[in-house]
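This report describes selected side-chain contacts, burial and strand pairing. Please examine the sequence and the model shown here before reading on.

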Amino acid sequence: MNVIIVTACPSGMATSFLAARRLEQAARRRDWEPLIDMRSQFERELVLGDAQLAAAELVIVAASPMTSAGLERFVGKRVHVAPIEEALPDPAAFLANAEARARVLEAKDIADVAATVSTTASGAASAADGEVAHKPSIVAVTACPTGVAHTFMAAEALSEAGRALGYPTRVETQGSVGAQDALTEQEIAAAEVVILACDIEVDPTRFAGKRVWRTSTGTALKKPRDTIEQALEGAEVESATAAGGQGSQQKGEKRGPYKHLLTGVSFMLPMVVAGGLMIALSFVFGIKAFEEEGTLAAALMQIGGGSAFKLMIPVLAGYIAYSIADRPGITPGMIGGWLAATLDAGFLGGIIAGFLAGYSALGLSRFVKLPQSIESLKPILIIPLVASMVTGLVMIYVVGTPVAGLMTTLTEFLESMGSANAVLLGILLGAMMCFDLGGPVNKAAYAFGVGLLASETYAPMAAIMAAGMVPALGMGLASFIARSKFAEPEREAGKASFILGLCFISEGAIPFAAKDPLRVIPACMVGGAVTGALSMLIGAKLLAPHGGLFVLLIPNAINVPLMYLGAIVAGTLVTGIGYALIKKGAQQVETAAAT
């Protein structure tokens, strides 16, 4: 049946676009031939020809206000009109109802139809507003170490879950490009509860006096409804002291050394990416071109290797200390990190310096009591001086030399590994990257690879990034080659997963793993282990710790680009074909909000 579907919303943006796409998909599942007239700022207005109007057996109009739908064109046709809000919850039911209730539209009826539908929409909106008015509002902040996938996926999950539960919800994301959709002071003041779904430390001072619930991005992503319900029930008022990073730990919060380490890695990561790509660009002029002073290659190497890579360990240590002791920890942390770098203690020394500085500063802040007249000097004089002295002396006389020796031994071992040992390490790192898709095991492997870049050990990073791409790519491939085993939403999720995989975002496979973990996770781990092993076997070395396949576009960022690509393809085929074979039937992928 030939059908014309018209959608329009007041802003001419998201709702109109979403309704049009969902109605089109539902119409095609009914074997209809839909022609979509979407009144949107993103689409040009569709001019229907006489032949198209004549061929249409049914016209479905989902619009608010109705005057924007151009009903005059459809006089004499079977038409069903309704507010656009009715089309979104269940498009299939909406189309069935439209087919059953459609009536021939006459010119004299246009004004009455538009007025009736607009009144219905207004009434529904008023009722909804009245229902929401007594619902507590929620604000949230999401942040993950890399500031890419988990940050935004957790934000979307919380927004959808809040909407499904009837709570007005606003989420601020603190990703790799900084805060987006930032919460206003008015929104924070009006909120019943604040959810901090953060794997790294964020500044909580603006939430002092509010009920705060702390959790991880992974929990918010996988169990958003439970997160909101637990927050409403168990959130506690954040005092000014607690907001400064010295409060008691909450039940929903996962704090401790692991979170402090991830905070440091998060701030260090842009430094590593920029430095690695600068070094790669210097190699464009030749592998040894930077040795000639005054050349562009030498300047790029000085920026990347001489500056960015030298600063990565001080930044790592400084922000580990910041996570522990807030701002007073940054100075001693960075000083300790710089000493770790100059003493050749590497990233292990930087981690030790960060924790030493952070807990030294925290101890001074908590336990050293001074007269009120000089108490104000603690954060700007006493804590930086004493904590920096303690950290520096310990690094120089106790930690530096043995850790430097350990790092030298580790570096020499990695560089001199035979094929068998390299393959075993690749298998281990590859499997770790695919085990929990952005969880603690995945991030531990990733942090290990990033840390080794400071000592110019690039092979583990290559294996880690290649393996991390496999889960999302494999699920996308499986949904394509075994379409009959995947429901329509799964196939759509597979397309998105494949794109995320190309960008080195393992989390694209999470919707599949959440639905079928006992098959998805082993399939991903086997594929990741294959890719990791092959990457180490061919001696692939990667200078940048992020970017996915797009890094291959930068000359010399990877030393063996074609073989490296082959390793990724091999693991993707293992995961994709393997899961396609063991998957049973078409099962609906649950949305994040429904978990």
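Is Glu99 buried, partly exposed or exposed? Glu99 is partly exposed, with a relative accessible area of 30%; here buried means under 20% relative accessible area, exposed means over 50%, and partly exposed lies in between, with a 1.4 Å probe and protein chains only.

## Basis of the report

The model is predicted: local features need pLDDT of at least 70, side-chain atom pairs count only at pLDDT 80 or more, and totals for chains, interfaces and linings use all residues. Residues are numbered from 1 along each chain as its sequence is written, and side-chain values use heavy atoms, with hydrogens and water left out.

## Salt bridges

There are 8 salt bridges in the structure, each defined as a side-chain nitrogen of Lys or Arg within 4 Å of a carboxyl oxygen of Asp or Glu. One of them joins Glu99 to Arg30, with 2.8 Å between the closest N and O atoms. Glu99 belongs to helix H3 (residues 91-101) and Arg30 to the loop between helix H1 (14-29) and strand E2 (33-39), so this pair ties together parts that are 69 residues apart in sequence. Helices (H or I, at least four residues) and strands (E, at least two) are DSSP runs, numbered from the N terminus. Arg30, like its partner, is partly exposed, at 32% relative accessibility.

Another salt bridge connects Glu492 and Lys495, at 3.4 Å from N to O. These two residues are 3 apart in helix H18, a separation of about one helical turn. Glu492 is partly exposed, at 33%, whereas Lys495 is exposed, at 52%. Asp516 and Arg519 also form a salt bridge, with an N to O distance of 3.2 Å. Here Asp516 is buried, at 7% relative accessibility, while Arg519 is partly exposed, at 26%.

## Aromatic pairs

The structure contains 7 aromatic pairs. Rings of Phe, Tyr and Trp (its six-membered ring) pair if their centres lie within 6.5 Å; planes under 30 degrees apart count as stacked, over 60 as edge-to-face and the rest as tilted. Among the pairs is the edge-to-face contact of Phe267 and Tyr322, with 6.4 Å between centres and 80 degrees between planes. Phe267 lies in helix H10 (residues 257-282) and Tyr322 in helix H11 (residues 296-325), so the contact ties together parts 55 residues apart in sequence. Phe267 is partly exposed, at 34%, but Tyr322 is buried, at 12%. Ring pairs also bring Tyr319 into a cluster with Phe267 and Tyr322.

Phe486 and Tyr579 have ring centres 6.1 Å apart and planes at 65 degrees, so this pair is edge-to-face. Phe486 sits in the loop between helix H17 (459-481) and helix H18 (488-502), and Tyr579 in helix H21 (residues 561-582), 93 residues apart. Phe486 is buried, at 1% relative accessibility, and Tyr579 is buried, also at 1%. In addition, Lys583 lies over the face of Phe486, 4.8 Å from the ring centre; this requires NZ of Lys or CZ of Arg within 6 Å of the ring centre and within 35 degrees of the ring normal.

## Strand E1

Strand E1 (residues 2-8) has 6 of its 7 residues buried, so it is largely enclosed by the rest of the structure. E1 and strand E3 (residues 58-63) run parallel and are joined by 6 bridges; two strands pair if DSSP finds at least two bridges between them. Across this pairing, Ile5 stands opposite Ile60 in E3.
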